[in-house]
Amino acid sequence: MAGSLTAREPRACVPYKYGFFSFCYFFLSSPSLRSIKTTAVYQDVHVMIWIGFGFLMTFLKRYGQSAIGLTFLIAAVLVQVALICEAVLHFQRNNKAYLSSASLLSADVAVAAPLISMGALLGKTTYMQLVFMGIIELIVYTVNKYIGEHHLMAVDAGDSMYVHAFGAYFGLAVSFIFGMKEKPKEHRLEGSSYQSDIFAMIGTVFLWLFWPSFNGAALEGDDQQRAIINTLLSISGSCVIAFATSALISKDNKFNMVHVQNSTLAGGVAIGTAAGMMCEPIGALIVGSLAGLLSVLGYTYLTPFIQKRLRIHDTCGVHNLHGMPGVLAGIFGAIMAALATQNSYNYSLYEIFPARAPSFEKLSPEMRNDYGILPGRNRTAIEQASYQILALAVTLLMATVSGLITGLVMRTSVCGSIAEEEKFDDAVHWELEEEEEEEEDDSHKVSKIKERNNRVGDQLPMGNI
């Protein structure tokens, strides 16, 4: 594959309301400067994927090396798969799809979906199972996003529907299949320690800092400015409310580290779909605060319920950080689409919602020649909002169905398996130094990690890739 998806040239639509930003927009619109800006945002997203997601999953006391190491491995494999999947949709007449910094950025964003799914299965799978799951998920993810963007023409600036909601419910569907074989139960190693919680907070802080870049990565001009501002306000709101709710529902009014590590980030997901729209500061704060509240309550009440009743074991609680906030983002995006008018957005309305642009017959010469607006589908605000909801429904359906099918295949012996006593243990994947480990259960008082290192287990070797 020689290839790339070169970034779409921005239309010459005059930014609205902001005189200074209007000047900057035209001054910074040269191809070379746009490339520099894209590369800078790409580095931010790069840090989120490899450091943010990796360290966030180190909270398990005996699975820290696997959390970081497998994230490193899986992401490195899947970023190549993501480039191929996207290139298939953008072949040129010479059977090539040209690579660019924009296509690398798009691939990094795509890799976030299987890493989110990995969080639901953390500690319960082999690395070959994760690689297989990631490849299948990226194929379905690419198809789903293509349907949403090109056929339904739904807007999802921060990929909250296409990445976060899709990744969460795909992973939960796979976990449901795993729970059908045997009911999920408490494991002696499924817990955190003082040190592991500190390491996990490194991932939280990195994700919190760079989330505005993630939501604004695919946008330009005033849209990107709004995305950064809206995301900062929303994720700040979720951070404050997550701390407050965590202390409020605890017996001694103390903070819970699980809530702080995860729920503080929920606002970044919840604002994603509407990140580039005119949410107003109060709107971004309300959405972020609601996401933080839902996330904390989800960890406290909903996660135990779905594990007990539905047999869905969610190791990292991706339903509370990515699933519910992703659905909230889709709903809020539909509301903002219904409220969007040309009086508020001027001609940039058709930049944000291309389907709302007039059809070719109704497109005025001024809009076509002076502002570079392309013919659309002449949708009304309510019609666009309806398509936003439809895109969310299609995403959830495709994630759930494909996750169930993938889980059934992963349960076979093709990709190996992890025995119950080996779950959440680094010794399954790594050569560890010899040490003694005291177990809480009297039946496992002392065990030697070196002995477990010598055990082959049911994994397939890396060479099988």
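This passage describes a pocket, a helix and several individual residues in a predicted model.

The second largest pocket of the model has a volume of about 780 Å³. Its lining is made up of 30 residues, of which Phe59, Asn256, Val258, Tyr299 and Thr315 are the closest to the centre of the pocket. Three helices, namely α8 (221-249), α9 (257-262) and α11 (280-309), each contribute at least two residues to this lining. When the lining of the second largest pocket is divided by class, 15 residues are polar, ten are nonpolar and five are charged.

Helix α4, which covers residues 101-121, contains 21 residues, and at 1.5 Å a residue these should span 30 Å; the C-alpha atoms at the ends of the helix are 31 Å apart, so the expected span and the modelled one agree. Helix α4 is also mostly covered, with 19 of its 21 residues buried. Just after this helix, Gly123 adopts a positive phi of about 90°. Gly123 is in turn one of the residues in contact with Lys423, a residue placed in the loop between α16 (381-410) and β1 (436-438). Apart from neighbours within four places in sequence, the contacts of Lys423 also include Lys124, Glu182, His187, Leu189 and Ile418. Lys423 has a relative accessible area of 14% and is therefore classed as buried, since the cut-off for a buried residue is under 20%.

A second buried position is found at Gly267, for which the relative accessible area is 0%. Gly267 belongs to helix α10 (residues 266-270), and, with neighbours within four places in sequence left aside, Gly267 is in contact with Ser234, Ile235, Ser238, Gly288 and Ala291. The C-alpha atom of Gly267 is separated by 9.8 Å from that of Leu293, a residue 26 places away along the chain.

Two asparagines have a positive phi although neither is a glycine. Asn253, with a phi of about 55°, lies in the loop between α8 and α9, two of the helices that supply residues to the lining of the second largest pocket. With a relative accessibility of 54%, Asn253 counts as exposed, because the exposed class begins over 50%. Asn346, with a phi of about 60°, is located in the loop between α13 (342-345) and α14 (349-352). The relative accessible area of Asn346 is 37%, and this residue is accordingly partly exposed.

Terms used. Residues numbered from 1 in each chain as written. Predicted model: local features only at pLDDT ≥ 70, side-chain atom pairs only at ≥ 80, totals over all residues. Heavy atoms only, no water. 1 Å grid on protein atoms, 1.4 Å probe; cavity = no way out; pocket = protein on both sides within 12 Å on 5 of 7 lines; lining within 4 Å. Points joined across faces, edges and corners; volume = space filled by probe spheres on them. Helix = DSSP H or I, 4+ residues; strand = E, 2+ residues; numbered from the N terminus. Nonpolar A, V, L, I, M, F, W, Y, C, P; charged D, E, K, R; others polar. Expected span 1.5 Å × (residues − 1). Buried < 20%, exposed > 50% of the residue type's maximum accessible area, 1.4 Å probe, protein only. Contact = heavy atoms within 4.5 Å.
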